[in-house]
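Thanks for coming. I will put the structure up now and then walk through a few places in it, one at a time.

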Amino acid sequence: MDTEWEGADTEHAGVRIAHEEVSPVRQVLRRVWIAAIVLVVVVLIVWLDRDAYRDGDEVGISLLDATYYATVTLSTTGYGDITPITPEARLINIVLITPLRIMFLIVLIGTTLEALTARSREEFRIRRWRSRVRQHVIVCGYGTKGRSAIRSLIANGTPADKIVVVDPEPRAIDEANSLGLTGIIGDAGRTEVLRRASVERARAVIVAANRDDAAVLITLTVRQLNHSVPITTSVREEENANLLRQSGADTVITTSATSGRLLGLSTDSPRVVAVVEDLVTGGQGLDLHQRTASASEVGLGPRDLRDIVLSVTRGGRTLRFDDPLIGTLQPEDVLVVVRSH
């Protein structure tokens, strides 16, 4: 039994599901408000049936007596100086006041109960998430590149609950949670961490590590756990790009070389850089889009389409829009087009 619990703890360790946190002040005020309502209800019940109670030798009680009786009853103090004397009043105590007393006690010890059940509730939420998550995108690294990639994913229509962030820094995961993303605290180069992120069922993996050696290790680990998932990774040095492709990356983006080319273009062609920035920024202006040729487009040339075609991929080979080998579009052609958002 202990081994089973330890396995469950390891499986869920570091997983943080995004959810709205209620501040401690609001929790306390809410409990005080509920307790006050329960107290008022009990006072009204006793006061409306005040002639059925006895205070010592005197039959009937005042409003102050009713409040006093409700207070000591709900707090389970029960001094016994005020008691119901009719069967109806005793039945009301059993049927109505006793459940309200239990509710009052639950409200008072709600903080303790919540602390005791918080772990169970969180484990339940994580188990439910793990049973449902599939076709999600895993982003390894929540630095500048990782955050930009996530903004682009969301701008292009990927729901926040379909994005999982893996980062060793708890602060980074807290920030991701605040945006509605699920976070995994840990090193993405470790097998157990990627399994917590359900990499076996992922739609895609983005490796946005700060170091090239870390990117290689993460790529190798992802490819070992999922042989078919598309992996996109960034690399600082261009000489490491081939190493990442050999490690299993499908797409390798050299950040330093790409930035350098844009810097060079900006000197003589600043408008070109502006258009490139517009194209790679999803959700505004012009967007790059990949899609399969529709049935109505089959048989047409790339220039005959409403969208601006940049390339056509056919049989695993990518052809530029002006390549004569394209001819007319075929049913399985994959197009990269430019369209207005």
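Let me begin with one residue, Asp213. Asp213 is partly exposed, with a relative accessible area of 42%. Its salt-bridge partner is Arg211, and the closest N and O atoms of the two are 2.5 Å apart. Arg211 is exposed, at 55% relative accessible area. Please keep in mind throughout that this is a predicted model.

As general background, side chains of opposite charge can pair when their charged atoms come close. How many salt bridges does the structure hold? There are 8 of them, and I will show two others.

The next one joins Arg223 and Asp250, with 2.9 Å from N to O. Arg223 sits in helix H9, residues 212-225, while Asp250 is in the loop between helix H10 (241-247) and strand S10 (251-254), so this pair ties together parts that are 27 residues apart in sequence. Are the two partners buried or exposed? Arg223 has 15% relative accessibility, and the cut-off for buried is under 20%, so Arg223 counts as buried. Asp250 is partly exposed, with a relative accessible area of 49%.

The last one on my list is between Arg291 and Glu297, at 2.8 Å from N to O. Here Arg291 is buried, and Glu297 is buried as well. Which residues make up the network around this pair? Arg291, Glu297 and Asp307 are linked in a network of salt bridges.

Now the chain as a whole. It has 341 residues, and 37% of them count as buried. There are 12 helices and 14 strands. The accessible surface comes to about 20,300 Å², and carbon and sulfur atoms account for 57% of that. On contacts: if we take those between residues at least 6 apart in sequence, 62% join residues at least 24 apart.

From the strands I picked one sheet. It is an open sheet of 3 strands in the order S3-S2-S4, with antiparallel pairing. Which strands are at the edges? They are strand S3 (58-59) and strand S4 (82-84), and each pairs on one side only. Strand S2, residues 53-55, runs antiparallel to S4, and 3 bridges join the two. As an example of a bridge partner, Asp55 is matched with Ile82 in S4. Helix H3, residues 63-74, lies across S2 and S4, and runs at about 85° to S4.

Let me move on to helix H4. This helix covers residues 87-108 and includes Arg101. What does Arg101 touch, leaving out residues up to four places away in sequence? The answer is Thr73, Leu74 and Thr76. Arg101 can also be placed relative to Ala35: the two are 66 residues apart along the chain, and their C-alpha atoms are separated by 9.9 Å.

Met103 is in helix H4 too. At 40% relative accessibility, Met103 counts as partly exposed. Together with Trp33, Ile34, Ile37 and Val41, Met103 forms a nonpolar patch on the surface, and the accessible area of these residues together is about 460 Å². Which helix gives the most to this patch? That is helix H2, residues 24-48, with 4 residues.

Two backbone details remain. Gln135 has a phi near 55°, which is a positive value in a residue other than glycine. You can find Gln135 in the loop between helix H5 (110-132) and strand S5 (137-140). Ser198 also has phi near 55°, again positive and again not a glycine. Ser198 lies in the loop between helix H8 (191-196) and strand S8 (204-207). Is Ser198 buried or exposed? Its relative accessibility is 3%, so Ser198 counts as buried.

To go back over the main stops: we saw the salt bridges, including Arg211 with Asp213 and Arg223 with Asp250. We saw the open sheet in the order S3-S2-S4, with helix H3 lying across S2 and S4. We then had the nonpolar patch, which includes Met103, and the positive phi values at Gln135 and Ser198. That is my list, and I can go back to any of these places on the screen.

Key. Residues numbered from 1 in each chain as written. Predicted model: local features only at pLDDT ≥ 70, side-chain atom pairs only at ≥ 80, totals over all residues. Heavy atoms only, no water. Pairing = 2+ DSSP bridges. Contact = heavy atoms within 4.5 Å. Axes fitted to C-alpha atoms, helices over the stretch in contact; angles between N-to-C directions. Salt bridge = Lys/Arg side-chain N within 4 Å of Asp/Glu carboxyl O. Buried < 20%, exposed > 50% of the residue type's maximum accessible area, 1.4 Å probe, protein only. Patch = residues over 30% accessible without salt bridge, like charges linked within 9 Å, V, L, I, M, F, W, Y side chains within 5 Å. Areas by Shrake-Rupley, 256 points an atom, 1.4 Å probe, with all protein chains shown as cover.
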